[in-house]
Each structure stands twice: as structure tokens, then as C-alpha cells.
Amino acid sequence: MTHFLALETSCDETAAAVFTDGLAVRSSVVASQTDLHARFGGVVPEIASRAHLRNLLPVIDEALAKAGVTLADIGCVAVHNTPGLVGALLVGVSAAKVLALGLGVPLIAVNHVQSHIYACRLAAGRDIFPCVGLVVSGGHTALFQCDGPLAMTLLGGTRDDAAGEAFDKVAAILGLGFPGGPAVEREAAAGDPKAYALPRPFADDGRLEFSFSGLKTAVMYACHGQDVARAKPPEPGPKRANLAASFQAAAVDVLTIKCKQALRKTGLKRLAVGGGVSANKPLRAALTAMCAKEGAELFIPPLSLCTDNAAMAALAVEKWSRGEFAPADLDAEPNWI
């Protein structure tokens with residue numbers, strides 16, 4: 001049995017995990033940076049990188065301790081090297097290269113977006129491929145045809161904001177704080193999703209593409225009218241809750257419609273959904289209902305595997321079995337899609 005140590009520093013979560021070549025997750029530790037970025041209403045790359053430098057070694061130590069292993073027991077080091085914030089990625093990549101070299105073990109580079117889909121495989125405990133994959137997070141909103149864990153073909157993505165980014169921006173407009181996804185969901189629980197007739201971008205378009213920038217702007221004008229320059233967030237009450245609920249309903253509708261279109265276009269009967277926005281309860285409910293009507297299986301991991309983590313880098317086991325190891329000069333690659 002081989003133990004893997006995996007690192008994740010692609011954005012604002014510092015994470016490490018230990019798992020085996022049998023896909024048994026022995027530990028998964030995540031250090032959040034939410035409090036550091038909250039005052040700015042979003043992730044500040046330089047702050048994220050410096051926090052990774054402070055947090056990574058303690059997080060690795062904790063992951064090893066929880067797994068009941070030492071570095072001497074590690075047979076392979078895996079790291080998310082793409083996509084993400086380049087400075088943040090470099091922290092994890094640099095640490096992984098040093099560890100692999102010092103331990104004399106192979107290094108495996110893992111794609112962060114592919115890992116979000118693989119989190120569904122990890123949670124299911126069985127093969128889920130081929131499937132349609134939806135990655136929906138703060139940085140990515142994209143649909144893939146996944147013929148295998150390492151064979152993903154892009155079907156379509158967002159033209160502007162990612163869904164999670166739109167949640168953050170709407171939360172800022174409404175004065176709900178950061179991170180926006182959970183904040184909007186909490187506020188929306190008390191609101192009427194039909195209170196405002198917000199657009200569903202590309203809902204009637206057969207292309208598997210997304211656009212959330214216009215939806216965000218529609219919320220802004222619904223909230224403030226034309227005088228947005230001097231506008232302040234609305235006070236707590238029905239208007240704020242209704243705006244949050246109406247926005248969330250529109251975003252969920254678009255994501256669900258596009259997943260249904262992707263299933264029908266590919267003829268596949270499995271949908272795997274990953275990324276932080278997949279933790280949204282109304283989205284999970286809408287996708288569950290849609291898949292039931294379409295006769296498709298839905299795979300969504302538990303909340304701990306939706307947001308950024310290192311356990312989902314167990315995708316490295318697939319590369320391990322094929323002998324696909326990374327070179328010693330592995331670099332961070334901020335762009336992938």
C-alpha cells in the first residue's frame with residue numbers, strides 16, 4: 001500500500017491530505033483564509049500567498065498526524081499546479097517539489113478543476129465515468145464531457161463571471177459580507193424567489209455557455225435603480241431577502257438548464273458536480289429533481305469535498321497507476337481553460 005501526501009494552495013484555502021492508492025482518505029486538513037479576505041469582499045492574491053507560506057507546514061504536520069503516518073511513510077507527493085492564482089500555486093508546487101526530492105519519491109501534478117469532478121468519484125466509492133461534469137466555483141463555471149477521470153473535453157464555460165464570483169458580487173451589493181455564496185443562501189431563505197423578474201442568461205440558447213455578469217448587474221439596478229453611484233446596501237428586511245432569493249433562483253435555474261442540455265446533447269446519463277457553489281442547497285435540490293426527470297444519476301460530493309481541499313487530489317492515484325509523474329522542474333500554471 002502506498003501513502004500519498006497531497007497539497008492544495010490554488011486560491012485561498014491551504015490544504016493537505018493523506019490517502020492511499022486504494023483511495024482511502026486517511027486525513028484531510030484545510031486552513032481557511034476567509035477572515036483575512038472578508039474586509040476586501042474577495043480574495044486578495046498577495047494576502048493569499050503570504051497566508052499559504054505561514055499555514056502550509058502546520059497543515060502538513062496536522063494531516064500526517066491525523067493519518068497516523070510520518071514523512072517516511074509517504075510514497076508519493078501530489079500537488080494541484082493548475083489552474084489558480086499563480087503566487088498561491090507556487091507555494092504548494094515549491095513545497096511539493098522539495099518534499100518529493102527530499103523523500104526520494106515521485107511527484108504528481110494534478111489539475112484542480114479535474115479534481116473537483118474526481119471528488120464525486122471519491123465520494124461515490126465507485127466508477128462514475130463516463131459522465132457530464134459541471135465545475136461551479138468562485139473561479140470556474142464549466143461543463144465537460146468526462147470520458148474518464150483524466151479525459152475531460154470542455155463543452156462550454158462562462159463568458160464572464162463565474163457563478164461563485166457572481167454570488168460574491170451580489171453579496172457585496174446587498175451588504176451581506178464575504179464569502180458571498182453562504183451569505184446569499186442564508187438571506188434568500190427568508191425571501192421570495194419570484195419577487196423580482198431577473199434574467200436567465202442563455203437559458204433559451206442551445207450553446208452550453210454561461211454568463212452571470214448581466215444577472216449581477218440586474219440585481220444592482222433592481223436594488224438601487226439608476227442612481228448606483230451613491231447607492232448604499234439595503235437595510236435588512238423583505239427587499240434584501242427578496243433580492244437574494246430572486247438572484248439565487250435565477251442562477252440555479254441557469255445552471256440546472258445547462259446541465260440538462262449537456263446531458264441531452266451528449267446522451268450521457270450521469271452528472272457529476274463539483275466546486276464550492278455545489279454546496280448550495282437549492283442548487284442540489286434542483287439538480288436532483290432535474291436528473292430524476294431525465295433518468296440520470298447525480299453525483300455531488302459531501303460539503304467537505306465541495307470547497308477547495310487536498311483530498312480530491314486523489315486523482316493522482318489515476319496518474320500513479322499509469323506512471324504519469326511530473327518532472328523536477330514542474331511549474332505553476334495559472335490558466336488552464
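Which residue in β8 is the bridge partner of A142? In this predicted model, the partner is G157, and the pair offers a convenient way into the strands around β7. Strand β7 covers residues 141-148, and β8 covers residues 151-157. The two strands run antiparallel to each other and are paired over six bridges, with a hairpin of two residues leading from β7 to β8.

On its other side in sequence, β7 follows β6, which is made of residues 131-136. Here too the pairing is antiparallel, again with six bridges, and the hairpin that joins β6 to β7 runs through four residues. Within this pairing, V136 faces T141 of β7. β7 is also mostly covered, as six of its eight residues are buried. As a general point, side chains in a regular strand alternate between the two faces of the sheet. Just ahead of β6, P130 sits in the loop that comes after α4 (112-124). The peptide bond that leads from F129 into P130 is cis, and its omega is near 0 degrees.

The same strand brings the description to the largest pocket, which holds about 1300 Å³ of space. Its lining is made up of 47 residues, and S137, G138, G139, G164 and D168 are the closest to its centre. The elements that give two or more residues to this lining are β7, α5 (163-174) and α6 (180-188). Of the whole lining, α6 supplies the largest share, with five residues. By residue class, the lining of this pocket divides into 21 polar, 17 nonpolar and nine charged residues.

A second region worth a visit is the loop between β1 (3-8) and β2 (13-20), where S10 is placed. T9 belongs to this loop as well, and so does C11. How far are these three residues covered? T9 has a relative accessibility of 0% and counts as buried. S10 has a relative accessible area of 3%, so this serine is buried, the cut-off being under 20%. C11, at 22%, lies above that cut-off without passing 50%, and therefore counts as partly exposed.

The side chain of S10 takes part in two polar contacts that can be followed in the model. One reaches the side chain of E8 at 2.7 Å, and another joins S10 to the side chain of H112 at 3.3 Å. Once neighbours within four places in sequence are set aside, the residues in contact with S10 are P83, G84, L85, A88, L89, H112 and D308. H112 therefore appears both in this list and as a polar partner, the polar criterion being a pair of N or O atoms within 3.5 Å.

The surroundings of T9 can be read in the same manner. With neighbours up to four places away left out, T9 is in contact with T14, H52, L56, A88, L89, V91 and G92. For C11, the corresponding residues are V43, A48, H52, L85, A88 and D308. A88 is thus found among the contacts of T9, of S10 and of C11. The link between C11 and A88 also shows in the backbone: their C-alpha atoms are 6.0 Å apart, although 77 residues separate the two along the chain.

P83, one of the residues in contact with S10, has a backbone feature of its own. The peptide bond from T82 to P83 is cis, with omega near -20 degrees. P83 is located in the loop between β4 (74-82) and α3 (86-103).

Two further backbone details concern positive phi values. L23, in the loop between β2 and β3 (25-32), has phi near 65 degrees, a positive value in a residue other than glycine. F202 likewise is a residue other than glycine with a positive phi, near 65 degrees. The position of F202 is in the loop between α6 and α7 (213-224), and α6 is the helix that gives five residues to the lining of the largest pocket.

Conventions. Residues are numbered from 1 along each chain as its sequence is written. This is a predicted model: local features need pLDDT of at least 70, side-chain atom pairs count only at pLDDT 80 or more; totals for chains, interfaces and linings use all residues. Side-chain values use heavy atoms; hydrogens and water are left out. Buried means under 20% relative accessible area, exposed over 50%, partly exposed in between (1.4 Å probe, protein chains only). A polar contact is a pair of N or O atoms within 3.5 Å; within protein, one must be able to donate a hydrogen and the other to accept it, and residues adjacent in sequence count only if both atoms are side-chain atoms. Contact means heavy atoms within 4.5 Å. Two strands pair if DSSP finds at least two bridges between them. On a 1 Å grid over the protein atoms alone, a cavity is a set of points where a 1.4 Å probe fits but cannot get out, and a pocket is an open set with protein on both sides within 12 Å along at least five of seven lines; lining residues have an atom within 4 Å of a point. Grid points are joined across faces, edges and corners, and a volume is the space filled by probe spheres set on the points. Ala, Val, Leu, Ile, Met, Phe, Trp, Tyr, Cys and Pro count as nonpolar, Asp, Glu, Lys and Arg as charged, and the others, Gly among them, as polar.
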